[in-house]
Amino acid sequence: MKKEVTKIGVLTSGGDSPGMNACIRAVVRSGLYYNLEVYGIMRGYSGMVENDIIKMESRSVANIIQRGGTILKTSRCKEFYTPEGRQQAYNNLKKLGINGLVIIGGDGSFRGAQIFSNEFDIPCIGLPGTIDKDIAGTDFTIGFDTAVNTAVEAIDKIRDTADAHDRLFIIEVMGRDAGYIALHSGIATGAENILIPEKKTDIDSIIKSLQEKEKRQKLVNLIVVAEGEKFGGVELEKMIKERMPLLETRVCILGHIQRGGSPTCFDRLIASRMGYSAVESLIEGRHNIFVGILNNKMHYIPLDEAVKKKQHISEEWLKIVKILAT
Ligand code: F6P
């Protein structure tokens, strides 16, 4: 029989993403609504290992739904990947009587949660908080929509100057090993080429299409490249310049701007729904799971399975890119 959950801890781990605060707020307020004690664990798993844990009240999460970053701070904690580190973390939680955990983070954070939940008797719920959208079992991750909108706003601005100077711009976006930010922002800004790690880059065909566009006097060209793609923005520019030395090119790496800023309405909504659902799951005994949203419905999968699944880029989207970028 599952033990009753009475005191829960919430933490944010890995790279921060806009909407994490909205999610913390949802966990805290839902927990209090169900008469649970709620604790905020600082700096991800580091706070668990180092006993940096604070009691949260309703007012602790006032005025944060619109803020980027995370009030609990975040980190990538090496100690937690050692058995000693996890034992220390467990001892600290036990001392406080915490018997349920909500982990908001990316796939690395879930792997930590999966190992911890298999070793100790504290149920864990993983919520997808990452701009990369590289987690299977959910249509969206908290922060992705905001990051894409930030990229779109920046690329629109770049298009203005690209047009004024008839230049080719190569814009590198984040996403770690995944191409979702590139794919979504590239389609939304009408990029001529979108290069992602999931699809082998064919440099010959890029050159051919640039030469063909040059002939048609189509001089504004935007290439959106994911940071995880084989070449990246700088290398790609070099290769293009070697073959088309007269083409004026610039590279713009958007970088961490994509991680900050006020979350979009969409991110605030999914963060609130997921935060609430995590608490409800702990109370109802759906333990050691990952909570996502698929087809607009809450979707639960065991953490053990969640860490093995991979997102797949839809072939249809890639076809759309090709057809629209003529
Ligand atoms: O996972 C989020 C992310 O922003 C990735 O897109 C990027 O590769 C990475 O984190 C950057 O990490 P850091 O902030 O440690 O440089």
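A residue counts as near the ligand here if one of its heavy atoms lies within 4 Å of it. Keep in mind that the model is predicted.

**Exercise 1.** Work out which residues surround the ligand, and how they divide into nonpolar, polar and charged.

*Solution.*
- Step one: list the shell. You get Arg76, Ile131, Asp132, Met174, Gly175, Arg176, Glu227, His256 and Arg259.
- Step two: sort the residues by type. The shell splits into 5 charged, 2 polar and 2 nonpolar.

**Exercise 2.** Find what lies across from the ligand's oxygen atoms, taking N or O pairs within 3.5 Å as polar contacts.

*Solution.*
- Step one: try Arg259. An N or O atom of its side chain is 2.8 Å from a ligand oxygen.
- Step two: go to Gly175, where a polar backbone atom is 3.1 Å from an oxygen of the ligand.
- Step three: check Arg176, which has a polar side-chain atom 3.4 Å from a ligand oxygen.
- Step four: look at the cover. On its own the ligand exposes 400 Å², and the protein buries 75% of that.

**Exercise 3.** Place the ligand relative to the pockets and the two domains.

*Solution.*
- Step one: pick the pocket. The ligand sits in the second largest one.
- Step two: split the protein into domain 1 (7–143 + 263–308) and domain 2 (145–259). Their centres, taken over C-alpha atoms, are 34 Å apart, and 14 residues of domain 1 are in contact with 13 residues of domain 2.
- Step three: put it together. Both domains give residues to the shell, so the ligand lies between them.

Definitions and conventions: Residues numbered from 1 in each chain as written. Predicted model: local features only at pLDDT ≥ 70, side-chain atom pairs only at ≥ 80, totals over all residues. Heavy atoms only, no water. Polar contact = N/O pair within 3.5 Å; in protein donor to acceptor, adjacent residues only side chain to side chain. Areas by Shrake-Rupley, 256 points an atom, 1.4 Å probe, with all protein chains shown as cover. 1 Å grid on protein atoms, 1.4 Å probe; cavity = no way out; pocket = protein on both sides within 12 Å on 5 of 7 lines; lining within 4 Å. Sits in = over half its atoms within 2 Å of the grid points. Nonpolar A, V, L, I, M, F, W, Y, C, P; charged D, E, K, R; others polar. Domains from an automatic or database assignment. Contact = heavy atoms within 4.5 Å.
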